[in-house]
Amino acid sequence: MTLKPIDVAAGLVFHSGRLLITQRHSHDHLGDLWEFPGGKVEPDETFEKCLRRELNEELGIDVEVGSLLESVTHSYPEKTIRLQFYVCSLTKGEAAPLGCQAVAWITASELDQYLFPAADAQLLIKLKGLPGLWK
């Protein structure tokens with residue numbers, strides 16, 4: 001039996017040449033790893049609406065959701081997720097770890113210093129090759 005993938009929206013929030021990443025809680029699936037903030041898409045919710053809601057709830061920020069940069073379907077032993085990564089810009093607020101363990105604003109050269117889930121591997125390579133996003 002194949003399980004339906006879980007739709008997840010993730011934001012690539014750029015601000016002043018840095019990218020926002022968040023650290024998962026230790027007790028969560030893939031605990032302590034770093035990721036791009038976002039969450040599960042609710043029924044009857046678009047990826048973009050989900051992203052605005054999740055970033056406000058989990059980080060206390062408002063964003064403008066831009067273009068879809070990457071779409072990845074990744075299977076873990078216990079579930080399959082379909083991740084959609086959107087380029088976002090910060091419009092209001094300062095990111096605070098309301099729904100995560102920690103937040104960090106990093107530069108492209110710092111990406112390799114953080115451990116991310118396997119589902120993000122392809123995107124990490126792409127981000128390193130797109131210096132225009134980091135302005």
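This passage walks through the aromatic pairs in the structure. The model is a predicted one, and a look at its rings turns up four aromatic pairs.

Take Phe14 and Trp134 to begin with. Their rings meet edge-to-face, with 5.2 Å from centre to centre and 85° between the planes. The two partners come from quite separate stretches of the chain: Phe14 belongs to strand 1 (residues 6-15), while Trp134 sits in the segment after helix 2 (121-128), so this pair ties together parts that are 120 residues apart in sequence. Both partners are tucked away from the surface. Phe14 has a relative accessible area of 9%, so it counts as buried, and Trp134 is buried too, because its relative accessibility is 8%.

Trp34 and Tyr114 make another pair, and this one is edge-to-face as well, at 5.0 Å centre to centre and with 75° between the planes. Here Trp34 comes from strand 3 (residues 34-35) and Tyr114 from the loop between strand 7 (102-106) and helix 2, so parts that are 80 residues apart in sequence get tied together. How do these two partners fare for exposure? Trp34, at 13% relative accessibility, counts as buried. Tyr114, on the other hand, comes out at 23%, so it counts as partly exposed; the cut-off for buried is under 20% relative accessible area.

Then there is a little group of phenylalanines. Phe36, Phe85 and Phe116 are linked by ring pairs into a cluster.

Methods
Residues are numbered from 1 along each chain as its sequence is written. This is a predicted model: local features need pLDDT of at least 70, side-chain atom pairs count only at pLDDT 80 or more; totals for chains, interfaces and linings use all residues. Side-chain values use heavy atoms; hydrogens and water are left out. Rings of Phe, Tyr and Trp (its six-membered ring) pair if their centres lie within 6.5 Å; planes under 30 degrees apart count as stacked, over 60 as edge-to-face and the rest as tilted. Helices (H or I, at least four residues) and strands (E, at least two) are DSSP runs, numbered from the N terminus. Buried means under 20% relative accessible area, exposed over 50%, partly exposed in between (1.4 Å probe, protein chains only).
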